[in-house]
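Hello,

I am passing a structure on to you, and I hope you enjoy looking through it. Please open it first, and then read on.

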Amino acid sequence: MDLLSHIALGAQVLFVPANIFFCFIGVLMGTLVGVLPGLGPTAAIALLLPSTFYIPPVTAIIMLAGIYYGAMYGGSTTSILVNIPGEAASVITCLDGYQMALKGRAGPALGIAAFSSFIAGTISIIGLMLVAPPLAKFALAFGPPEYFALMLLGMVVLIYLAAGSMLKALMMGVFGLLLSTIGMDTISGTQRLTFGILEFSDGVGLIPAIMGLFGVAEVIVNLEAGIARNVLTTRVKDLLPSIQDWKDSFLPILRGSVLGFFIGILPGPAPVISAFSSYAIEKKLSKYPERFGTGVIEGVAGPEAANNAATGGAFIPLFTLGIPCNSVIAVLLGAFMIYGIQPGPMMIAKYPDLFWGTIMSMYLGNVMLLVLNLPLIGLWVQVLKVPYPILFPIILLFCLIGVYSLNYSTVEVALMIGFGVFGYLARKFQYEMAPLVLALVLGPMMENNMRLSLVISQGDPMIFVTHPISAGLMAVTFVLLVSPLIPWIAKRRKKLQEKVGGEEV
Amino acid sequence: MEKKINYYNRISALFFIGVGMFFSFYGRMLEIGVWSEPGPGFMPFWSGIVLIVMAVFLLLGSFKRKEWQVMPPFFRLADSWKRVLRAFFAMGAYLLLFEHLGFTLTTFIFIAFLLKTVFPQNWKRTLIAASATAILARLIFINFLETQLPLGFLGF
């Protein structure tokens with residue numbers, strides 16, 4: 001009954017013209033960035049953030065969330081038609097999706113991708129509604145040691161999954177923590193490393209950092225060779241999958257949805273891991289695993305469901321603990337803070353309209369995406385045909401304006417360019433961006449909680465292992481850190497890394 | 001000559017040792033405090049030390065004799081560095097100029113420069129694309145979103 005009244009509240013918030021309109025804009029922009037290779041949802045949300053300052057927070061969050069799950073929808077289009085994934089989460093869709101397109105079945109492939117995304121999106125929203133409130137209640141028992149341990153675990157999971165050297169990923173995490181110390185110390189009020197620059201008092205801006213590391217650096221890397229795209233010229237027809245297609249896809253969609261939702265809760269590049277895991281599961285369960293990779297519809301339905309469900313799951317740590325589990329959610333956390341809302345255990349109770357309104361908007365957004373994606377495929381194909389030499393200056397321009405319009409500060413624009421240079425070089429030296437961004441976001445919270453914990457325990461660091469919840473989280477962190485030293489775990493980790501390599505988390 | 005990953009690791013390790021040392025010294029200059037009451041320098045100091053230790057491990061590891069991964073050329077194509085440099089130059093110039101020249105004019109120059117120099121387009125295409133982008137961006141950001149972008153001495 002309680003749930004129904006909450007749903008009614010969410011519907012009441014959502015069904016005003018402005019919120020419906022911005023929900024539409026969000027999913028439309030999301031699909032667009034999903035279609036365009038070289039611009040991900042993180043940079044897109046950061047880019048559009050300043051334009052939301054003039055609208056109410058609920059409306060803004062509805063739009064920004066729409067970009068995230070919209071991008072997952074859009075990513076599949078490029079995978080199927082161009083064999084270039086718009087998003088890393090759609091990499092696996094290329095395998096069977098593009099093969100289906102080559103066989104003249106681009107229509108059903110796009111159709112099932114859209115339908116499975118819709119079904120999975122719906123299932124994950126239901127999961128979010130059911131899981132988030134009790135988890136938020138549980139999180140009320142968290143004190144500084146528990147929060148510190150949880151954030152440390154979140155970072156270590158992300159580092160554990162980083163492609164390549166774990167040591168290098170750890171170094172990027174620590175570098176992020178160091179950068180996060182720039183600005184005014186909230187406990188003592190001391191200015192740290194600000195060098196008299198006013199903009200640094202609030203710390204290194206998250207948006208300039210993300211735009212530089214993900215937006216600018218990504219464009220520059222692509223510039224070196226240019227992105228060659230060969231859009232399939234055959235007419236996309238028969239978007240509605242046949243009865244046989246539905247029979248083949250039904251169970252993979254359900255399995256992918258459940259899997260994606262639970263993986264989504266974990267820190268890291270959940271949409272990618274869930275899509276790859278779903279593909280592996282479907283291949284294992286299939287009566288004809290040898291046909292995977294040649295254009296079977298299960299290879300599209302399962303992963304597409306999984307990566308969409310993961311986006312719903314990813315909101316749970318944000319709404320219940322106030323902790324982002326990937327860089328997209330980190331930008332959303334930044335947005336919440338700009339609007340003066342602190343996500344965490346109290347958020348659902350304090351801002352029920354925002355929480356339930358956003359959830360209901362996700363449902364509407366999924367319906368919009370289904371309606372958008374199927375008839376507008378032709379438009380997205382045209383967008384794909386825009387040559388990269390024309391597209392990249394526009395993306396760079398948007399990055400420059402986006403960051404400037406945050407605070408009308410040229411210092412922040414310079415910071416973004418600096419992060420762009422660093423991100424470009426770090427990619428060349430095979431360093432991961434995700435641990436840096438997460439550390440930059442979590443750093444101030446981690447530092448405060450660690451210092452408060454030490455003050456509470458009068459300097460005894462054992463506080464982190466004497467509190468049961470924090471001890472459990474610390475134990476998992478420790479296991480993750482030492483496990484790569486055990487050869488068979490190292491091998492499995494390497495396999496997992498190969499799956500998530502290159503993901504924008 | 002082809003380079004291996006350990007060569008890259010060596011360079012980056014030295015960079016991070018420098019970063020770690022900088023933050024540690026800075027942390028010391030602030031107040032590190034004591035365990036029961038950590039000061040503002042506590043986190044920069046200890047994180048800096050941790051970064052130095054990690055970077056030293058990376059540096060020492062890079063001298064190990066083993067089959068290191070051969071890296072692709074730093075720049076993918078012979079003229080890639082020119083494109084990269086031009087793009088960064090354009091962004092830097094945009095930053096310096098747009099408060100003086102104004103948003104619309106600087107945007108036009110920025111887009112035209114990149115179109116003409118990075119993947120060179122013909123003049124007609126360059127001018128049409130640069131004008132269209134500058135006008136559309138102005139309409140969207142200044143007229144529609146009412147963003148306070150500088151208009152410059154020309155007033156647009």
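Below is what turned up, starting with how the two chains meet and ending with a pocket and a salt bridge. Please keep in mind that this is a predicted model.

**Where the chains meet**

The place to start is the interface of chain B and chain A. On the chain B side, 67 residues are in contact, and they touch 62 residues of chain A. Together the two chains bury about 5600 Å², with 81% of that area on carbon and sulfur atoms. If you would like some residues to click on, try Met43(B), Phe88(B) and Met91(B): these supply 12% of the area that chain B buries against chain A, more than any other three residues.

What about polar partners here? The rule finds 13 residue pairs in polar contact across this interface, counting pairs with both residues at pLDDT 80 or more. Salt bridges across the interface of chain B and chain A number 0.

Several elements of chain B give two or more residues to the side that touches chain A: helix H1 (5-29), strand E2 (37-38), helix H2 (42-61), helix H3 (80-101), helix H4 (103-117) and helix H5 (123-144). H1(B) gives the most, with 12 residues. Sorted by class, this side of chain B has 47 nonpolar, 14 polar and 6 charged residues.

**A pocket with both chains in its lining**

Next, have a look at the second largest pocket, which holds about 1200 Å³ of space. Its lining counts 39 residues, and the closest to its centre are Met29(A), Leu48(A), Phe398(A), Ile140(B) and Phe141(B).

Which elements build this lining? At least two residues each come from helix H2 (17-35), helix H3 (41-48) and helix H17 (388-407) of chain A, and from H5 of chain B. H17(A) gives the most, with 8 residues. H5(B) is worth a second look, as this helix also gives residues to the side of chain B that touches chain A. By class, the pocket lining has 32 nonpolar, 6 polar and 1 charged residues.

**A salt bridge in chain A**

Over all chains, the structure holds 7 salt bridges. One to look up is the pair Arg105(A) and Asp245(A), whose side chains meet at 2.7 Å, N to O. This pair links distant parts of the chain, 140 residues apart: Arg105(A) sits in the loop between helix H5 (91-102) and helix H6 (106-139) of chain A, while Asp245(A) belongs to helix H10 (residues 243-265) of chain A.

Happy exploring, and do write back with any questions.

Best wishes

Methods
Residues numbered from 1 in each chain as written. Chains lettered and ligands numbered in written order. Predicted model: local features only at pLDDT ≥ 70, side-chain atom pairs only at ≥ 80, totals over all residues. Heavy atoms only, no water. Contact = heavy atoms within 4.5 Å. Buried area = accessible area lost by both parts, 1.4 Å probe. Salt bridge = Lys/Arg side-chain N within 4 Å of Asp/Glu carboxyl O. Polar contact = N/O pair within 3.5 Å; in protein donor to acceptor, adjacent residues only side chain to side chain. Helix = DSSP H or I, 4+ residues; strand = E, 2+ residues; numbered from the N terminus. Nonpolar A, V, L, I, M, F, W, Y, C, P; charged D, E, K, R; others polar. 1 Å grid on protein atoms, 1.4 Å probe; cavity = no way out; pocket = protein on both sides within 12 Å on 5 of 7 lines; lining within 4 Å. Points joined across faces, edges and corners; volume = space filled by probe spheres on them.
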